[in-house]
Amino acid sequence: MHKLNDFLAGIEIYLGGSNWFTLLLLFTGIFFTIYLKFPQIRFFKHALKVVRGKYDKPGEKGDASHFQALATALSGTVGTGNIAGVAFAIYLGGPAALFWMLVTAFLGMTTKFVEVTLSHKYRETDEKGFISGGPMYYMKNKLKMPWLAGFFAAMTIVSSFGTGSLPQINSISSSLYSTFGFDQMITGGVLAVLLAFVILGGIKRIVKVTDKLVPAMAIIYFVGAISVILYNYENIIPSLVSVFANVFTGTAATGGFLGAGFAYAFNRGVNRGLFSNEAGQGSAPIAHAAARTEEPVSEGMVAILEPFIDTIVICSLTGLVILSSGVWKEKLSNRFQNTDMVIMADQYNDSNKKDQDKLFNFLNGKTDLPVFSGELQVKNGIIQNPVSIINSRSLAEEVKVYKNDEELYSGTLPIENGKYVNENGEYFQGNSLVHSAPLTAEAFTRSYFGEWGKWIVSLGLLLFAFSTAIAWAYYGGRSVTYLFGAKGVLPYRIIYCIGFFIASFADTTVIWTLSGITIALMALPNLIGILLLRKDMKGTMNNYLDKFSKEHPGEI
């Protein structure tokens, strides 16, 4: 599995993990923010009125209300990115990564406004009478680039697995296993059946589920997060300072965290910010296109709220929970995943400044250090060779090797280039940093709820991630409709549910790497497309403002 992850990581480095991609994402947001004169600020109050239905007109074309479209789009974005993704960003880049997530969200409010408006403007009706919209329709109908539209639709289908299905159920099953010991395969099987029940009912059933699920899950998570932050009230100010203090310098080593440079924090913060709110990816416009309105800009206004709720509110809460609790720099007992683990040829001590600097440079890609290859000798679970193990970007301690559910292992293990390659049931366990959902779950125990805090994360993750899988099934289905017609939707949904089940017991790191690739392959044609249609966007917005000002003087 680690070879597959290395291969995918090599691809991801040149796409979603590259500096040029993050800069293109930020440039698009900055350009439209200036070009349209800060619509995320100017129209925020108006967006709240639109989503409440204040300006709705009877008989308008569409399959969902403004609120239902927003709830469905939010259900697609409020998922593992808010619970596991924030933890992953801080684990990789330190507190400064949270700052870049928030910057991405602020600019993303404008990007979302643009992509939703254009996608809604050029939407169509399929042969069954349902609305079909999304970037592929403006690419085909306005840009006259059917090849680009086809590529985007194909990447959306792939991304529905890489973003919407695989990481969602993987995070759910991993969290429920680590918290309650629930078998991951059984968790996947039960939820796959529930998912099939919802998505096979189409958009009508989907919006009925999401418009109730999204508010409920947000309230539950908010209460839990506030309890952690207030419980650690003395750390609130230091946590906020840590987010902003190291924005341009990176985070120095502290506790088990070996430090992260500016480039790493910037890149991972922007990347995880996009994974969280999907601004620029082109996914949410597919849901917003179903809204009942003849005014594309009004639905674009509603979309402004999406990154605000998803990232600026919910991700900030998660970030403060992790930072104020202090767990992000603590070594915790955990079972190592092979893709997170590297066996070094020499021994290191992370309390030694010289060793600390070597490991920092190694983890941030600045220098190479010798890794172990050969036979690892193990006696009663204890490694006999003079090696060090890096797990989850930290120097692991008290490492033992087990086999077959907590039986101490004795024998030899083949290691190639620092990786255990045999995988015959043996596993490593010890103290190291943790990431993703387990990190957030541990942070929630540092509160008034104690160990019960893990229940909140598990329940929140279950609701967040399951709703994301529902929304992405719709996105993928609309893309299948574009490429193959409505007849292809049912086979796609069946395959989607099967993939959902299989991912419940697959390797987490591989799935996160795959999601980074699929995000980039969707975002690239969408970002280029909306930049090409900048004049169309500005004209459409100005026409809406003129018309609205005549109908409702002084309200915008």
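**Helices, cores and salt bridges in a predicted model**

M136 has a relative accessibility of 0% and therefore counts as buried. The model described here is predicted. M136 sits in helix α8, which covers residues 135–141. Residues up to four places away in sequence aside, M136 touches A149, F152, I286, R478, S479 and Y482. The C-alpha atoms of M136 and F444 lie 41 Å apart, and 308 residues separate the two in sequence.

Helix α9 comprises 35 residues, 146–180. At 1.5 Å a residue, the expected span is 51 Å; the end C-alpha atoms of α9 are 49 Å apart, which agrees. A bend of about 40 degrees occurs in α9 at S159. The helix is mostly covered, with 27 of its 35 residues buried. G181 follows just after α9 and takes a positive phi of about 75 degrees.

Positive phi values also occur at two residues other than glycine. For S392, phi is near 50 degrees. This serine lies in the loop between β7 (388–391) and β8 (394–395). Its relative accessible area is 3%, so S392 is buried. For E398, the positive phi is about 50 degrees. E398 belongs to strand β9, residues 397–403. With a relative accessible area of 65%, E398 is exposed, because the cut-off for that class is over 50%.

The largest nonpolar core has 138 residues. Within this core, F113, L195, Y475 and Y496 have the most contacts. Helix α18 (residues 453–484) supplies the largest share of the core, 16 residues. Another core, of 17 residues, lies apart from it; M341, F372, V378 and F428 are among its members. The contacts of F113 were examined further. Neighbours within four places in sequence aside, F113 is in contact with L36, P39, F43, V297, G300, M301, I304, M537 and M541.

A search of the whole structure for disulfides finds zero. Two cysteines serve as examples of burial. C315 has 0% relative accessibility and counts as buried. C497 is also buried, at a relative accessible area of 10%.

Salt bridges number 11 in the structure. One of them joins K121 to D536, with the closest N and O atoms 2.7 Å apart. K121 lies in helix α7 (residues 96–121) and D536 in helix α21 (residues 534–551), so the pair ties together parts that are 415 residues apart in sequence. K121 counts as partly exposed, at 33% relative accessibility. D536 counts as buried, at 13%.

R446 takes part in a salt bridge with E330, where the closest N and O atoms are 2.9 Å apart. R446 lies in the loop between α17 (436–444) and α18, and E330 in the loop between α15 (296–325) and β3 (332–335); the pair therefore ties together parts that are 116 residues apart in sequence. The relative accessible area of R446 is 22%, which makes this arginine partly exposed. E330 is partly exposed as well, at 28%. A salt bridge also joins the side chains of R446 and E442, at 3.2 Å from N to O. E442 counts as buried, at 18% relative accessibility. E330, E442 and R446 are thus linked in a network of salt bridges.

Technical notes:
Residues numbered from 1 in each chain as written. Predicted model: local features only at pLDDT ≥ 70, side-chain atom pairs only at ≥ 80, totals over all residues. Heavy atoms only, no water. Helix = DSSP H or I, 4+ residues; strand = E, 2+ residues; numbered from the N terminus. Expected span 1.5 Å × (residues − 1). Bend = angle between axes of the 7 residues up to and from the residue. Buried < 20%, exposed > 50% of the residue type's maximum accessible area, 1.4 Å probe, protein only. Disulfide = S-S within 2.5 Å. Core = buried A, V, L, I, M, F, W, Y, C linked by side-chain atoms within 4.5 Å. Contact = heavy atoms within 4.5 Å. Salt bridge = Lys/Arg side-chain N within 4 Å of Asp/Glu carboxyl O.
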